[in-house]
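Colleague: Mind if I pick your brain about this one while we both have it on screen? I'd like to go through a few side chains and loops.

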Amino acid sequence: MQRTMLKSKIHRVTITEADLNYDGSMTIDEDLMNAAGIVQFEQVNIYNINNGERFETYAIRGKAGSGVIGLNGAAARKGHVGDLVIIVTYGQYDESELAGFEPTILLCDEKNKVRKRLDI
């Protein structure tokens, strides 16, 4: 049996840009993507703390060290610059992979930099 498990979580980052005219996706600072183990074009789920919106799209790399968190295309309607969001990914795992399984959870500061990595 396969189970869908939390793979990674980037907690409480701030939207820095929203571009309705872009073709779609979410721009994430490359440093955050690397730290969370998110690859370009991977599906991400976004939970907007400010307005309760929950939606999914795919990740694209933003400039490393920039702190960019951007909503693009239709996703730009789901939040505003300054909103706090949680970005999560899920993975499919066999039962045999679950012993010792731990997701990557990153807590971020107001500049969208990792302030702490949680060990569960």
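Modeller: Happy to, and one term up front: helices and strands here are DSSP runs, numbered from the N terminus, with at least four residues for a helix and at least two for a strand. Keep in mind that this is a predicted model.

Colleague: Good. In which loop is Asn112 found?

Modeller: Look at the strands on either side. One is β8, residues 104-108, and the other is β9, residues 114-118. Asn112 is found in the loop between β8 and β9.

Colleague: Is Asn112 buried or exposed?

Modeller: Buried means under 20% relative accessible area. Asn112 is therefore buried, with a relative accessible area of 2%.

Colleague: And what is the phi of Asn112?

Modeller: Most residues other than glycine have a negative phi. Asn112 is not a glycine, yet its phi is positive. The value is near 65°.

Colleague: Which loop residue in front of β4 has a positive phi too, and what is the value?

Modeller: That is Phe41, in the loop between α1 and β4. Phe41 is not a glycine either, and its phi is about 75°.

Colleague: How many aromatic pairs does the structure hold, and how is the one of Phe41 and Tyr58 arranged?

Modeller: The structure holds two aromatic pairs. For Phe41 and Tyr58, the ring centres are 6.1 Å apart and the planes make an angle of 40°. Planes under 30 degrees apart count as stacked and over 60 as edge-to-face, so this pair is neither. The arrangement is tilted.

Colleague: How many residues apart in sequence are the parts that this pair ties together?

Modeller: Phe41 is in the loop between α1 (30-36) and β4 (43-48), while Tyr58 is in strand β5, residues 54-62. The pair therefore ties together parts whose separation in sequence is 17 residues.

Colleague: How exposed is Phe41, and how exposed is Tyr58?

Modeller: Exposed starts over 50%. Phe41 has 55% relative accessibility, so it counts as exposed. Tyr58, at 32%, is partly exposed.

Colleague: Now Gln43: what joins its side chain to that of Glu56?

Modeller: Gln43 is in strand β4, and the two residues are 13 apart in sequence but 6.9 Å apart in space, C-alpha to C-alpha. Glu56 is among the contacts of Gln43 beyond its sequence neighbours, and Tyr58 is another. Their side chains, Gln43 and Glu56, are joined by a polar contact of 3.2 Å.

Colleague: Last one: which residue lies over the face of Tyr47, and at what distance from the ring centre?

Modeller: The residue is Arg54, over the ring face of Tyr47. Its distance from the ring centre is 3.9 Å.

Key:
Residues are numbered from 1 along each chain as its sequence is written. This is a predicted model: local features need pLDDT of at least 70, side-chain atom pairs count only at pLDDT 80 or more; totals for chains, interfaces and linings use all residues. Side-chain values use heavy atoms; hydrogens and water are left out. Rings of Phe, Tyr and Trp (its six-membered ring) pair if their centres lie within 6.5 Å; planes under 30 degrees apart count as stacked, over 60 as edge-to-face and the rest as tilted. Buried means under 20% relative accessible area, exposed over 50%, partly exposed in between (1.4 Å probe, protein chains only). A charge sits over a ring if NZ of Lys or CZ of Arg is within 6 Å of the ring centre and within 35 degrees of the ring normal. Contact means heavy atoms within 4.5 Å. A polar contact is a pair of N or O atoms within 3.5 Å; within protein, one must be able to donate a hydrogen and the other to accept it, and residues adjacent in sequence count only if both atoms are side-chain atoms. Lists of a residue's contacts leave out its neighbours within four places in sequence.
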